[in-house]
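Me: I'm new to this structure and would like a close look at one part of it. Could you start with the long helix, then walk me through what surrounds it and where the annotated sites sit?

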Amino acid sequence: MDPARLTKLDEVTWRIEPTGAMRVPAILYADEALIRDMDDKVAEQASNVATLPGIVGASYVMPDAHWGYGFPIGGVAAFDPEQGGVVSAGGVGFDISCGVRTMTTGLARAEVERVKDALADSLARAIPAGVGSEGAITLDAAAMDAMLAGGARWAVEQGWGEAADLERIEEGGCAAEARPDFVSARAKERQRREMGTLGSGNHYLEIQAVEEVFDPAAARAFGLAPGEVVVTIHCGSRGLGHQIGTEFLKEMVVAAEAAGLVLPDRELACAPIASEVGRRYLGAMRAATNCALANREILGHFARRVLRHFFPQVEVRLLFDVSHNTCKVETHQVEGRPRTLFVHRKGATRAFGPGHPSLPAALRAVGQPVLIGGSMGTGSYVLVGAPESEARSFASACHGAGRAMSRHAATRQWSGRQIVDELAARGVLVRSPSMRGVAEEAPGAYKDVGAVVLAAERAGLARRVARLGPVICIKG
Amino acid sequence: MPTGRIEATQPADASGESGWEHFPHGADIGVRGWGPSPARAFEQAALALTRIVTAAEVRPEAEVAVACEAPDLDLLLVEWLNAVVFEMAVRRMLFGRFAVTVEGEGGSGGVRLSGRLWGEPVDIARHAPAVEPKGATCTALRVAREPGGRWTAACVVDV
């Protein structure tokens, strides 16, 4: 994207003035190099989002944004139901409540290095990953509805997790007002055998080491010590979320046309929050959120079980679990008064600053952990929500590195075996059923995650706390 | 039509009358099929969908039937590809052969599709499946008759 198309407000803040049908401006947070790397489609899509009814403040773009579906990936937009605001299936995405969790172990990297090969093999056996993998859990109709209503709380009740985890998950591990009865039979069928599976693509389970600490006080509060090992899991609501996204996108295309909504892009399909379709989508989307929360809790439990086999005394504690494909009801200060808004984050992470009442007591003084997945070769970051993020972006930050090249281009440039061997030579073990999948996810296929998080920090969205380096990577 | 660079192309027959290709879209992949009719183009688009997952042979060991309908051909393509994604997911199968019939003129009557899919269960060792398609999208969605008379059917698939 040519920066000359934008109004530069400061080194990391750019604005697209409202023109035509835009109700609000678009605000992009990124340094000039990241802006230049962004597809022109990001500006177009952010401007399109700004035309939707009931949008409040601005259509925001995070530093890792790229071309998405209707909304840019890395897009944030809040809608006021009292101003005719809408909810959009495309604004949440197909992988509803896809997100990241990080668990601390207290283990020193040297302890893990001694058993690294065997640990990688055990994790690969314990974590079903990739196309065609089989989970050990099959849900009947009653269990499916209980899972969709209960989320991670349900997983803990079933013995796949620990009660102490729940306060470290958004919404206490259970999205309220979930409506399993609004989830189609086809979506449930797609999920019947998928609980406790990782999926494929950019989803992963990693054993990581804390390689750099930027904010020692926040790192202490988060339980992150230099040289210690953590477990990070990135995955979402699997087939159920995809099916719900697919079905409601189609329904909202028809509903928007019927309601006379003129949409610049069919993928922006949406429905008024107060409408029948809008209410049904919200109920189904919250059920899918619970599916994602339950799935990450189960995968965390599997990882715990493996670690305890190797290290019987290990205490695996959930640092935080945060989703980055969501629509959540939140109260935000807008022009000095609190308003209840439906905040869409499509490939963007909630980033509550210090003092937010929804944070668990142990984290409230510091702020919310913001977990940023990088690529398997370059590492990930833990950030903390900045006090200014509320005013800057409805308390939102980036979610990852973002791709720099297509999957096919990556497979032309690297082979999976070459990537696995190169990473092994650097001390990173990759286990994956698909060498083509590894090639598609090659570290070089991603943008520099360090530049993304630095831009987020400079923009006042979230502050860097620690950088995590990969040790073992389980890929689908 | 935001096609980007063509990334993989496979004419399905010697005449080049039918075939498919992939085109890039950020983290995801676009599929495009072409042929002498919408039905043939839809079959080729489904083959392109399978080729997102595997480059290996997919044996026609079992047959699955699907049916779907939509207000127009564009949305019918999304419905068709999503029906294939659904069968891949719940049966843990890959499909390598497709036979499609399309009926209807659109408008108030809509358009209907009957499809048969031939494939086999995923064999992780032999198929080395890469990424899992999550769903077909309305992005870069286009079903059209080109000036030369050939039909194309394209959209981006979220993976």
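**Helix α11 and its surroundings**

Reply: Let's start with helix α11 of chain A, which runs over residues 276-310. Its 35 residues carry it 52 Å from the first C-alpha to the last, close to the 51 Å expected at 1.5 Å a residue. Keep in mind that this is a predicted model.

Is α11(A) enclosed or out in the open? Of its 35 residues, 27 are buried, so the helix is largely enclosed by the rest of the structure. A bit of helix geometry helps when you look at it: an α-helix has 3.6 residues a turn, so residues three or four places apart point the same way.

What does α11(A) give to the nonpolar core? The largest such core has 169 residues, and α11(A) supplies the largest share of them, 17 residues. The residues with the most contacts inside this core are A:Leu28, A:Tyr29, A:Val61, A:Met252, A:Leu383, A:Ala397 and A:Ala456. Take A:Leu28 as an example: leaving aside neighbours within four places in sequence, A:Leu28 is in contact with A:Leu6, A:Trp14, A:Ile35, A:Ala46 and A:Val61. So two of the names you just met, A:Leu28 and A:Val61, touch each other. Apart from this core lies another one, of 51 residues, with B:Phe42, B:Ala70, B:Phe86 and B:Ala153 among them.

Now zoom out to the chain that holds the helix. Chain A has 17 helices and 19 strands. Its radius of gyration is 21 Å, close to the 23 Å that the globule rule gives for 476 residues, so chain A is as compact as a globular protein of that length. Along its principal axes, the C-alpha trace spans about 60 × 50 × 50 Å. Buried residues make up 63% of the chain. As for how the sequence folds back on itself, look at the contacts in chain A with a separation of 6 or more: 77% of them join residues 24 or more positions apart.

On to the annotated sites. UniProt, in an unreviewed entry, gives "binding site" for A:Asp95 and A:His203. They are spread over 109 residues of sequence, yet they cluster in space, with a largest C-alpha distance of 11.1 Å. You'll find A:Asp95 in the loop between α3 (89-92) and β7 (99-108) of chain A. It counts as buried because there are 27 C-beta neighbours inside 10 Å, where 20 are enough. Not counting neighbours within four places in sequence, A:Asp95 is in contact with A:Gly236, A:Ser237, A:Gly241, A:His242, A:Asn325 and B:Lys134. That list includes a residue of chain B, B:Lys134.

A:His203 sits in the loop between α8 (185-191) and β8 (204-213) of chain A. This histidine is buried too, with 25 C-beta neighbours inside 10 Å. Beyond four places in sequence, A:His203 is in contact with A:Leu198, A:His234, A:Cys235 and A:Gly476.

One of those contacts leads straight to another annotation. The unreviewed UniProt entry also places "binding site" at A:His234 and A:His324. These two are spread over 91 residues of sequence but cluster in space, the largest C-alpha distance being 10.3 Å. A:His234 belongs to strand β9 (residues 228-235) of chain A, and it is buried, with 25 C-beta neighbours inside 10 Å. Apart from residues up to four places away, it touches A:Val100, A:Asn202, A:His203, A:Tyr204 and A:Gly373.

A:His324 lies in the loop between β11 (317-323) and β12 (325-334) of chain A. Is A:His324 buried or exposed? It is buried, with 30 other C-beta atoms within 10 Å. Its contacts beyond four places in sequence include A:Cys98, A:Gly99, A:Arg345 and A:His399.

Finally, there's the partner chain. In all, 28 residues of chain B are in contact with 33 residues of chain A. On the chain B side, the elements giving two or more residues are β2 (19-25) and α2 (73-91); α2(B) gives the largest share, four residues. That side divides into 16 nonpolar, seven polar and five charged residues. For chain B, the unreviewed UniProt entry lists "domain: Archease" at residues 20-159. That stretch is 28% helix and 42% strand, and its end C-alpha atoms are 18 Å apart.

Definitions and conventions
Residues numbered from 1 in each chain as written. Chains lettered and ligands numbered in written order. Predicted model: local features only at pLDDT ≥ 70, side-chain atom pairs only at ≥ 80, totals over all residues. Contact = placed C-beta atoms within 7 Å. Nonpolar A, V, L, I, M, F, W, Y, C, P; charged D, E, K, R; others polar. UniProt positions renumbered as here; feature names shortened; annotations may be inferred. Buried ≥ 20, exposed ≤ 12 C-beta atoms within 10 Å, placed from the backbone. Rg over C-alpha atoms; globule rule 2.2 N^0.38 Å. Expected span 1.5 Å × (residues − 1). Core = buried A, V, L, I, M, F, W, Y, C linked by C-beta atoms within 7 Å.
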